[in-house]
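The exercises below are to be worked through with the sequence and the structure side by side. Each one sets a task and then goes through a solution step by step.

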Number of protein chains: 2
Amino acid sequence: MKELKKLYNKIIQRANINLREIKIDTAAYIQNLIPLSQLLKFYAFYGVSPNHPLNFHFRHSNLSGSYFLGKCKVTDSLLYKSDIRGDELKKKGETFQYKEFNIPINKDEGIYIEGSFLAKTLVHNFSHDPETPEMFYVRDTISLPYANIHGSPTNGGFLGPFSTIDLTTIHDCIIGTFSYLQVGEVSHLNIPPGTVWIRSPDEFNFLYRHPTDQLNDYIYYAQGTSPQGRFIDFIEDRKEAFQVVFDKLNLEQPIPVPDSASLDRYAVAKCQTNICENVLVAQRAFLQNAWLGEGSNAQENCYIINSRLEGFNVTAHGAKIIEADLGYNVFVGFNSFLRGRPDGRLTIGNDSIILPHTIIDARKPLNIPEGQIVWGMITSKDDLKVNSLPIEDFQKIESSYSSGNMFYEGDGNSFITAFRDRIHHILEANGAFFDGSKHRGHAQKNQKISFNTIQPYPEGDLEGLYPTIIIRP
Amino acid sequence: MKELKKLYNKIIQRANINLREIKIDTAAYIQNLIPLSQLLKFYAFYGVSPNHPLNFHFRHSNLSGSYFLGKCKVTDSLLYKSDIRGDELKKKGETFQYKEFNIPINKDEGIYIEGSFLAKTLVHNFSHDPETPEMFYVRDTISLPYANIHGSPTNGGFLGPFSTIDLTTIHDCIIGTFSYLQVGEVSHLNIPPGTVWIRSPDEFNFLYRHPTDQLNDYIYYAQGTSPQGRFIDFIEDRKEAFQVVFDKLNLEQPIPVPDSASLDRYAVAKCQTNICENVLVAQRAFLQNAWLGEGSNAQENCYIINSRLEGFNVTAHGAKIIEADLGYNVFVGFNSFLRGRPDGRLTIGNDSIILPHTIIDARKPLNIPEGQIVWGMITSKDDLKVNSLPIEDFQKIESSYSSGNMFYEGDGNSFITAFRDRIHHILEANGAFFDGSKHRGHAQKNQKISFNTIQPYPEGDLEGLYPTIIIRP
């Protein structure tokens, strides 16, 4: 493992150099997190399908357990059980609209990961940065389990566990545990844990901070430890089910799937799960006694257990929904944790928006009415009052609003419009509106994918490194 | 499968053009042999190991179920369950000795397969043709199940089932079913089935022809049919055991293997099998109640059942040994079929040479003494008398010899010397003489190989074709 160790040290040094102003020694944080021997244990996978133009280029990297679709170049990096989806990138000839700019795309966009260590991280979608529209890069970055790098070019980042950067460009920043940033472009920031920050410069600015004590019960991470808390326990308890689907080369579909829907072969779908038309279930999604109504999607690393989602529901990357009934068009953002109880279910009315990184965990029945926008930490009806608003009231905010730990500046309507546009786009991209011929999305395009497995050198100086692998159409 | 069909037709046309003087329509022979839909069912594999310098390049081909090691380039070809081993090629800087020529090797040799359809064919070893020492090519060639292309560049060949070309260069030739050629260089020949022809120009010329009626019971193949006979039945009966080893991603070693030996994870090793020091068992070898003494090797597609091999035994590609006891240093050549009976075992004494494509199938006990050279079709003691000689008698042949269907010209000693040199080389390459530090061969180098799986496009115009795949160190 000589070369693998050298690479690991090089990545740490590069991250430290990038983050030198914030003064962090990333080694102290990650050294016990994933022993290098662990990087030899798992196959990586890449998908081959006519619906996903191919361009894989893996060099001098370890890709243990990772999953690739589309166009990705990985160099000098360690990607441990990461999901890298380059199946939704911009294409040559398209125009990327960014505010008043219509930017012509000169070549197919690619995901470029270099000098980075991503653990159980989801990298997805296209780069939303207008400055490098053909290049979605992740460089000199370390990210920890269940982080999401979503359309967010990143240079010199340290992303804590369950953190998300979304439509954000990062230069030399630390993103704290369970923090969510959707803020355009930032540099040299050290974002504390549990921050939810959504900003569109000159339009709106939403800021929430989870109460530290409460958050620590769900997820806590400090130098020299492993991430711990209810999120970790919850995932660990369900880990074994994934082993079965990753161990087998050929797998029968465990439940019926309509012709217009798709259930990824690396998802877990347990008993009593029902998949309706135009549903997408992505890899590493976990479904157990789940009803997914028409046009719903269950994205990577999400868990839906003993729950019913009526239709056109988005369950974003890493979201968890347990003992809950969700109406139509309910959006549940990244890494949200929504837990009802068998004797106290959680219900959410139609058209509600659960902002990313929301925790709803009441021991008593909780009803969220139709058309509500919800954020933050909610363990009771009182919390709900503080951390939600009817969407139509939110739209009326003229210049600022504050409630509990939440601060909002700007025009409420543009915030809601931005979210609604995005939800519509997500449903569309995932194939929710497929009518049998038009509006095909991932649900229809991902039905048949060949997955090829890749492994590293099994011994010698290069042990743990993958050979150079180039896959083209 | 549009592109796949086009490719299939193109390969047939190219083969027909090359073979136009012999007037064969290869399509008539192969059209029902392997339905194109079959080409979508099986993963291909390539090995990654520090002991096998990598250079794979697969383009516009189907590789269904095939196995690759080392340096291989495949273009515009269909390789169905073939074994392509580029792990024993010449290396840059070496010298290739051919008679009085010392040929410097200017770049690493590669296997280049282009415009060919190889079914269950073994392609192995380095090119023995001094004219293209850096290029072992197989072009515009069709080969049928259990053919071997061994160190034999081939341009425009039609190789029947169970045929072997070995240290031979072929231009526009038909090699009949179960024929074996080791003849240097030939062109525009139509070799009838059951021919065993071993020639070293100006040195010796060995020719045997199997009696057609008897051979047809073992293997028969005609236009429009599938190959049939005892060989096929024998293999079909044991097919299922391979399914298990190919279906699983991770497999425990089924029997103990000494540190100095290796059992390929795509071999079948059934109960009561014993593997001694320095033994090599290659992929697709089948062992059942087999004793493999020190330094023995069991090569691809061989079967060893209820048999004991004392040590330093070579069981070449495709050879079958059933209910037999073999002494030390017994060589069993390509595709030989050696069958004793539980109540009438076959015994072969030390240092005997069973020439390639020999059939020994006696219903009564048969003892082949020490130091015997054996060829042809043997179903009784009488046959054995006709089709064998003590090696020391063979060495005394001065200019010619004939017995039954066998004709020999030349000096007997050089024939024996050539074979003994080769047997020694095979044992050496396979690691039979490993002493714990020196003389490492395949048995030691193949212990740890990562196998990566590859599959074709699952649908669309490209259905059945593999993407372009390039693997480098």
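**Exercise 1.** Find which way strands β25 and β27 of chain B run relative to each other, parallel or antiparallel, and place their pairing in the wider sheet.

*Solution.* Step one is the pair itself: in this predicted model, β25 (residues 280-281) and β27 (residues 297-298) of chain B run parallel and are joined by two bridges, where helices (H or I, at least four residues) and strands (E, at least two) are DSSP runs numbered from the N terminus, and two strands pair if DSSP finds at least two bridges between them. Step two is the register, in which B:V281 stands opposite B:A298 of β27(B). Step three is the sheet, an open one of eight strands in chain B with mixed pairing and the order β22-β25-β27-β29-β32-β35-β38-β40. At its edges stand β22 (262-263) and β40 (388-390) of chain B, each with a single partner strand, so one side of each is left without a neighbour in the sheet.

Residues are numbered from 1 along each chain as its sequence is written, while chains are lettered from A and ligands numbered from 1 in the order in which they are written. Because the model is predicted, local features need pLDDT of at least 70 and side-chain atom pairs count only at pLDDT 80 or more, whereas totals for chains, interfaces and linings use all residues.

**Exercise 2.** Describe the surroundings of B:V281.

*Solution.* Begin with its contacts (C-beta atoms, placed from the backbone, within 7 Å): leaving aside neighbours within four places in sequence, the partners of B:V281 include B:L263, B:I275, B:L287 and B:A298. Next, turn to the largest nonpolar core, which has 280 residues, and in which A:V281 and B:V281 touch the most other members. Such a core is a set of buried Ala, Val, Leu, Ile, Met, Phe, Trp, Tyr and Cys residues joined through C-beta atoms within 7 Å, and a residue is buried if 20 or more other C-beta atoms lie within 10 Å of its own, exposed if 12 or fewer, and partly exposed in between.

**Exercise 3.** Trace the partners of β21 in chain A.

*Solution.* On one side, β20 (residues 195-200) and β21 (residues 204-209) of chain A run antiparallel and are joined by six bridges, with A:R199 opposite A:N205. The two strands form a hairpin with three residues between them, and A:D202 in the turn has a positive phi of about 70°. A second partner is β42 (residues 406-410) of chain A, which pairs with β21(A) in the antiparallel sense over five bridges; here A:Y208 has A:M406 as its bridge partner.

**Exercise 4.** Work out how chain A meets chain B, and which strand of chain A gives the most to that side.

*Solution.* First, 29 residues of chain A are in contact with 29 residues of chain B. On the chain A side, β43 (450-454) and β44 (468-472) each supply at least two residues, and β44(A) gives the most, with five. By class, this side has 16 nonpolar, eight polar and five charged residues, with Ala, Val, Leu, Ile, Met, Phe, Trp, Tyr, Cys and Pro counted as nonpolar, Asp, Glu, Lys and Arg as charged, and the others, Gly among them, as polar. Finally, β44(A) and β44 (residues 468-472) of chain B run antiparallel and are joined by five bridges, with A:I471 opposite B:I469.

Technical notes. Two residues are in contact if their C-beta atoms, placed from the backbone, lie within 7 Å.
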